[in-house]
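Subject: Structure handover

Hello,

Here is the structure we talked about, for you to open next to your own notes. My findings follow below it.

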Amino acid sequence: MATYIVGDLHGCFKELQALLAQVSFNPQDDELWLTGDLVARGEDSLACLRFVKSLGNKAQTVLGNHDLHLLSTLLGIKKVKPSDHVDSIFTAEDREELQKWLRNQPLAIQHPKHGFVLVHAGISPEWDLPTTFRCAREAEKVLKSDHYADYIAQMYENTPDHWDEQLTGIERWRYIVNVFTRMRFCYTDKRLDFACKLPIEEAPSELKAWFELDNPHFAKESIIFGHWASLMGKSTRPNIYALDTGCAWGNHLTMLRWEDKQYFTQARFR
């Protein structure tokens, strides 16, 4: 039995299948974990959703910002971007089933045996691990509720940018969701920044990657994330694994086998 973790799919279904074929992935014995953003930009988001869902408990994914954006467009809150190539989802006979399945996925999970933590974008430098999972469960509860559309309609803002345990309502929910699905850089006082998407070495001096800030959990926990394609799989800590390598943007899809830390890649099909 092996545990495979794959970076952001973004609709690159053929590349995922080729990657799984490299290792003779067997859902009877193996596990597949994914960093979120299953949809948008690639050619077959519908197939990605259906495949991951079909694996049942042999696959675990977290929600990414593009997954949440898809939910907002399915609700009619936001318009579909032509570059996302998700029209087939809107006309799919299993659209409602897929929509319900997607919004029931977690924002942060920890492997029960190996102990690694999987998120899409990152973990707030202001949180310890118990707070991380408590906040994830709070936000997930909203997404699973009957009034989740009201919250998603208020999701598209950058504030608050600083954690306060006294935050309530939409502001608390928005901070949590922004951390898990949108964060890249923070200021040195740990405020969130959403403007910079550059590689670390090109960022302004006042910004640091979230995992470079002072937090004891970032030094000792194994954390796996996607979202940040410009990192091209490179973080500055050996226990922090960046797996989004921009397949949908013409680069490649990356997979990590946890047991021996071997990487596998599949170039984007032309």
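How far apart do the end C-alpha atoms of residues 3–144 lie, and what share of the span is helix and what share strand? The end C-alpha atoms are 27 Å apart, with 42% of the span in helix and 12% in strand. I started with that stretch because UniProt, in an unreviewed entry, places the feature "domain: Calcineurin-like phosphoesterase" at residues 3–144. Please keep in mind throughout that this is a predicted model.

The chain as a whole

The protein chain has 9 helices and 12 strands. Its radius of gyration is 17 Å, close to the 18 Å that the globule rule gives for 270 residues, so the chain is as compact as a globular protein of that length. The C-alpha trace spans about 45 × 40 × 35 Å along its principal axes.

Of the 270 residues, 57% are buried. Taking contacts between residues at least 6 apart in sequence, 66% of them join residues at least 24 apart. The chain exposes about 11700 Å², and carbon and sulfur atoms supply 48% of that area. There are 31 positive and 37 negative charges, and the mean positions of the two sets are 1 Å apart.

Val 117 and Ile 109

These two residues belong together, since Val 117 is in contact with Ile 109. Val 117 is in strand S5, residues 117–119, and Ile 109 is in strand S4, residues 108–110. Are they buried or exposed? Val 117 has a relative accessible area of 0% and is buried. Ile 109, at 12%, also counts as buried, because the cut-off for buried is under 20%.

Leaving aside neighbours within four places in sequence, the contacts of Val 117 include Gln 110, Ile 123, Leu 129 and Phe 133, as well as Ser 222, Ile 223 and Ile 224. Val 117 and Ile 240 are 123 residues apart in sequence, and their C-alpha atoms are 9.7 Å apart.

On the same basis, Ile 109 touches Trp 33, Gln 60, Thr 61 and Val 62, and also Phe 116, Val 117, Leu 118 and Phe 133. Phe 133 is therefore in contact with both Val 117 and Ile 109. Ile 109 and Gly 56 are 53 residues apart in sequence and 16 Å apart in space, C-alpha to C-alpha.

Helix H5

Gln 99 lies in helix H5, residues 95–103. With a relative accessible area of 12%, Gln 99 is buried. Beyond its neighbours within four places in sequence, Gln 99 is in contact with Leu 71, Leu 74, Leu 75 and Tyr 148.

Which residues of H5 are buried? They are Leu 98, Gln 99, Trp 101, Leu 102 and Arg 103. These buried residues pack against helix H2 (45–54), helix H3 (65–74), helix H6 (129–144) and helix H7 (148–152), and against strand S3 (59–61).

Arg 134 in H6

Arg 134 lies in helix H6. At 35% relative accessibility, Arg 134 counts as partly exposed. With neighbours within four places in sequence left aside, Arg 134 is in contact with Glu 165 and Arg 172. Arg 134 and Tyr 156 are 22 residues apart in sequence and 22 Å apart in space, C-alpha to C-alpha.

Backbone points to look at

Three places in loops have backbone angles that I noted.

- The peptide bond from Thr 159 to Pro 160 is cis, with omega near 0 degrees. Pro 160 is in the loop between H7 and helix H8 (169–181).
- Asp 37 has a phi near 50 degrees, a positive value in a residue other than glycine. Asp 37 is found in the loop between strand S2 (31–34) and H2, and at 1% relative accessibility it counts as buried.
- His 85 also has a positive phi, near 55 degrees, and is likewise not glycine. The place of His 85 is in the loop between H3 and helix H4 (87–91), and with a relative accessible area of 45% the residue is partly exposed.

Regards

Technical notes
Residues are numbered from 1 along each chain as its sequence is written. This is a predicted model: local features need pLDDT of at least 70, side-chain atom pairs count only at pLDDT 80 or more; totals for chains, interfaces and linings use all residues. Side-chain values use heavy atoms; hydrogens and water are left out. Helices (H or I, at least four residues) and strands (E, at least two) are DSSP runs, numbered from the N terminus. The radius of gyration is taken over C-alpha atoms; the globule rule is 2.2 Å times the number of residues to the power 0.38. Buried means under 20% relative accessible area, exposed over 50%, partly exposed in between (1.4 Å probe, protein chains only). Contact means heavy atoms within 4.5 Å. Accessible areas come from the Shrake-Rupley method with a 1.4 Å probe; for residues, only the protein chains shown count as cover. Lys and Arg count as positive and Asp and Glu as negative; His and the chain ends are not counted. The place of a charge is taken as NZ of Lys, CZ of Arg, CG of Asp or CD of Glu.
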